[in-house]
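Trainee: I'd like to go through this one with you and ask how each label is earned.
Mentor: Sure, let's look at it together.

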Amino acid sequence: MRIDVITIFPGLIEPFRTTSLLGAACRDGIVELVVHDLREFTKDRHRTVDDTPYGGGPGMVMRPEPLIEAIEALAGPKGETRKARVLLLSPQGRRLDQGWAQELAREEHLVLVCGRYEGVDQRVIEIAVDEEVSIGDYVLAGGELPALVLIEAVTRLVPGVMGNPESAEAESFQTGMLEGPQFTRPAEYRGIEVPAVLRSGDHQAIARWRAEQAHAVTKRRRPDLLGRGRGEEER
Ligand code: ADE
């Protein structure tokens, strides 16, 4: 999978490319993550990426020309022949969830556009963006952290990125439920014992206990997730 990120802060994205799970996936050639400085696509002497909003009001708006030129240089023009999927990170977008992350993990090429300031000129969205993505109902100063969230949620589902594919299958949301409690050594710590069933060696009993715990925590904390089948998350 190839992922291009367009940003005015390449330094925020770069360390992620070389660290942890994603770092290993990039070194192994499973994921190629390329970061592009939007200012490289400007033509004026001051390399301007923003301007004041028409109609007045606070803040600045990202200019259409450098963004559209950057997107089209990486993904080609919007339309049926375009092979990449161009996503703009924005609080106005559709909320990212595990089902959508799974779908994106099957793409060969993503281009992620990080907005900054009060927003991007609407013509960028109309002319060059395929979809807008939000990571939740709160407002951040820019799309860089949301892009990293998306990259981590998606790339860990790409075959070969996670050492043990089973760990992705058992975890929260992938099953449609939250995960129950986990324990490691010691068997007793500050008076709290690891449940005996986990130390019993009885794999069937352990699987049953884990399923019960998952159901109980989901019912208590996220009853909205119950009764929805796998992959039927609300859109
Ligand atoms: N940019 C600013 N806030 C955002 C959010 N919640 N999701 C995606 N992009 C954003």
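Mentor: Start with Y138: one of its polar backbone atoms is 2.8 Å from a nitrogen atom of the ligand. Keep in mind that this is a predicted model, where local features need pLDDT of at least 70, side-chain atom pairs count only at pLDDT 80 or more, and totals for chains, interfaces and linings use all residues. Residues are numbered from 1 along each chain as its sequence is written, and side-chain values use heavy atoms, with hydrogens and water left out.

Trainee: What makes the approach of I135 to the ligand a polar contact?
Mentor: A polar contact is a pair of N or O atoms within 3.5 Å. A polar backbone atom of I135 is 3.0 Å from a ligand nitrogen, so the pair qualifies. A backbone N or O atom of L140 also lies 3.0 Å from a nitrogen atom of the ligand.

Trainee: How do you know how much of the ligand the protein buries?
Mentor: Taken alone, the ligand exposes 260 Å², and the protein buries 97% of that (accessible areas by the Shrake-Rupley method, 1.4 Å probe).

Trainee: Which residue classes make up the shell around the ligand?
Mentor: Eight nonpolar, four polar and no charged residues. Gly counts as polar here, and G136 and G142 are among the residues around the ligand.

Trainee: Why is the D44 and R63 pair called a salt bridge?
Mentor: The term needs a side-chain nitrogen of Lys or Arg within 4 Å of a carboxyl oxygen of Asp or Glu. For D44 and R63 the N to O distance is 3.9 Å, so the pair fits. The two are 19 residues apart.

Notes
Near = heavy atom within 4 Å. Polar contact = N/O pair within 3.5 Å; in protein donor to acceptor, adjacent residues only side chain to side chain. Helix = DSSP H or I, 4+ residues; strand = E, 2+ residues; numbered from the N terminus.
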